[in-house]
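Hi,

Here is the structure I promised to pass on. Have a look at it first, and then read my notes below.

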Amino acid sequence: MAADMEPSDVIRLIMQYLKENNLYRTLNTLQEETTVSLNTVESIDSFIADIQSGHWDSVLLAIESLKLPDNTLIDLYEQVVMELIEMREVGAARSLLKQTDPMIMLKQTQPGRYLHLENLLKCSYFDPREAYPKGSNKEKRRRAIAESLVGEVSVVPPSRLMGLLDQIGTLRLQQSPDSSPDSTIDSHGKKQKESFPTQLYRHIKFGRRSHVECARFSPDGKYLFTGSVDGFIEVWNHSTGKISKDLNYQAQDSFMMMDDAVLCICFSQDSDLLATGAQNGKIKVWKIQSGLCLRRFEHAHNKGVTCLSFSKDNNQILSASFNPTIRIHELRSGKTLKELNGHSSFVNDASFTQDGLHIISASSDGTVKIWDTSSCECINTFKLLASEVPVNNVIPLPQNPEHFVICNHSNTVVIMNMQGQTVKTFTSDRKEGSDFVCCTLSPRGEWIYCVGEDLVLYCFNYKTGRLQKTLTVHEKEVIGIAHHPHENLIATYSEDGLLRLWKP
């Protein structure tokens, strides 16, 4: 780095890195603390084209980290709200109108203009002559907004000073020096030794008609997210078992939602974004703090989406389906980039490896496949049993990413390496009606937890290979299980309409 470089330039380089890696929460905090702004876009031409074509999900994603004049933001959000009303996306329009800062500012400073939007929202029809002032229309408004925004942004070369910024990224990911290898840190900063659950801690009742289809703790451990058969995505305080009201949209009884059963959810690495997949093959990407949908993949798959995984840089989303394909989608462009074909039945689980170079998938055809991320070629296929026994989960071991846990529809869980060699096996020794349906690991991989068809949680000690504890967790078929990222806390959910939280 040049010795005469201004501090503000160094800050902008760091900001650019944060933006390129979708670390928007950190970026916004840095901008607020330093009062230095980074108003850049990848391409001015693409930015203008998105505005003039009304690709508002792309535009809102692009301006998320920009510092723009209040009037410019108000004009932009007003136009987005009007076009959502025109498309009869009334719920999304109402969320933008009620919950976003530009629209709240509009209500306070120009109540007549805000009331005009409220009246449009209440109408059962959309008349452009009523929506736009005389002499204006949708295309003219888009052009005016494009001209206004383009004057505020610039383009910079990507990935400058990556060596320095990689060091910064490494420092952020390093473990606290006082954490020991056999302990996790709870939300109060206390060290906890990993231990299996013995008792019910909390339960959340959903009802059988709105039962949970998927649940995950956010990577920062703050929230528990659930996706239900009725399409609702809800954020919970797992300490109280109540809906989290510190998210403004939930405090106002507004929720993220899909138009079909939510089958899977996953998070970006910084807990900033949430991706959800539905029974109808659609994927949505949400901003967790605002509850706004940033990106829709309307035709991600032609059948239900079974699992999702963000790439290391948070710019790509891996999805798998019942159809049975695996696809890679780009968040910024909203395009499907690649398709991986080879499984002959449902793909139940798929994820990027820690280094991002490979994809591991598990299918009901009885196989686990390893794919090259760049070429999308299958480089290895493993079949654990002679018959086509469905593989439910394939999970990398935290303590050794070259090894992964394979849970299939049997009474045995296998640890396998990338070459297909079996490293360890764990078995329940129960023969009838106890085949495993789902699996999860403790944060450091010291415990492997499987739930069987017999509604029993099996707790295996990784080091000893022993079955240490069994615990009946539900009264009806268990759908899934999730582990907190740094506490001894497990969530199980079932067709009985209950989500239960378990602790030692």
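What follows is a short tour of one sheet and some aromatic contacts.

The model is predicted, so to speak of local features we need pLDDT of at least 70, and side-chain atom pairs count only at pLDDT 80 or more, while totals for chains, interfaces and linings use all residues. Residues are numbered from 1 along each chain as its sequence is written, and side-chain values use heavy atoms, with hydrogens and water left out.

Let's begin with the sheet. Strands 25-26-27-28, in that order, make an open antiparallel sheet of 4 strands (strands are DSSP E runs of at least two residues, numbered from the N terminus; two of them pair if DSSP finds at least two bridges between them). Its edges are strand 25 (436–441) and strand 28 (467–472). Strands 26 (447–452) and 27 (456–461) share 5 bridges, and isoleucine 448 stands opposite phenylalanine 460 of strand 27.

Now the rings. There are 11 aromatic pairs (Phe, Tyr or Trp rings, the six-membered one for Trp, with centres within 6.5 Å; planes under 30 degrees apart are stacked, over 60 edge-to-face, the rest tilted). Phenylalanine 225 and phenylalanine 267 are edge-to-face, because their planes are at 75 degrees, with centres 4.9 Å apart. Phenylalanine 225 is in strand 5 and phenylalanine 267 in strand 9, so this pair ties together parts 42 residues apart in sequence.

Back in the sheet, phenylalanine 436 and phenylalanine 460 also pair edge-to-face, with centres 6.2 Å apart and planes at 80 degrees. Both belong to one aromatic cluster with Phe426, Tyr458 and Tyr462.

Best wishes
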